[in-house]
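Subject: Structure handover

Hello,

I am passing a structure on to you. Please open it first, then read my notes below.

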Amino acid sequence: MAKNDFSGSIRIIMKKRPDIMKMLLLAAFSRFFVMGVTLAGLPFLVRAVLGLDAKFYEGAESAMAVATILGSITAGLLTEKLRSGRVHRMIITVL
């Protein structure tokens, strides 16, 4: 049952909604390079480079969590204003 649901969802995303597929691929591509470095590098940055203790690492993790939530809300609000044809311009501008 789950296999049929998953394959049906992939089929719909690939054929009927390619814009969603492009967004998923972009998110996966960015996460591949960004999150690994962030999760492995943040403790090193806080402890070794900045010379701070564990409570500052906790603060940095909390700040990343808040930034993720705010980024998700912002992305949700922006999707109403942006058409799929203009998304690539915004991404290029941000980069």
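The notes below go from the whole chain to single residues.

First, a caution. This is a predicted model.

Overall fold

The protein chain has 4 helices and 0 strands. Along the sequence the pattern reads α-α-α-α. Few residues are covered: of the 95 in the protein chain, 5% count as buried. The exposed surface of the protein chain comes to about 8,100 Å². Carbon and sulfur atoms supply 70% of that area.

Aromatic pairs

I searched the whole structure for aromatic pairs, and there are 2. One of them joins F29 and F33. Their ring centres are 5.0 Å apart, and the planes meet at 70°. That makes the F29 and F33 pair edge-to-face, because the angle is over 60 degrees.

How do F29 and F33 sit in the sequence? They are 4 residues apart in helix 2, which spans residues 18-49. About one helical turn therefore separates F29 from F33.

The rings of F32 and F33 pair as well. Their centres also lie 5.0 Å apart, and their planes stand at 85°, so this pair too is edge-to-face. Taken together, ring pairs link F29, F32 and F33 into a cluster.

Are these rings buried or exposed? F29 has 53% relative accessibility, so this residue counts as exposed. F32 is at 63% and therefore counts as exposed too. F33 has a relative accessible area of 46%. The cut-off for exposed is over 50%, so F33 is classed as partly exposed.

E61 and L42

One more residue to look at is E61. Where does E61 lie? The answer is helix 3, residues 54-81. E61 has 26% relative accessibility. Buried would need under 20%, so E61 counts as partly exposed.

Now select E61 together with L42. In sequence, E61 and L42 are 19 residues apart. In space, the C-alpha atoms of E61 and L42 are 8.4 Å apart.

To recap, the picture is a chain of 4 helices, with a ring cluster of F29, F32 and F33. E61 in helix 3 is the other residue to view, along with L42 at 8.4 Å, C-alpha to C-alpha.

Best wishes

How values were computed: Residues are numbered from 1 along each chain as its sequence is written. This is a predicted model: local features need pLDDT of at least 70, side-chain atom pairs count only at pLDDT 80 or more; totals for chains, interfaces and linings use all residues. Side-chain values use heavy atoms; hydrogens and water are left out. Helices (H or I, at least four residues) and strands (E, at least two) are DSSP runs, numbered from the N terminus. Buried means under 20% relative accessible area, exposed over 50%, partly exposed in between (1.4 Å probe, protein chains only). Accessible areas come from the Shrake-Rupley method with a 1.4 Å probe; for residues, only the protein chains shown count as cover. Rings of Phe, Tyr and Trp (its six-membered ring) pair if their centres lie within 6.5 Å; planes under 30 degrees apart count as stacked, over 60 as edge-to-face and the rest as tilted.
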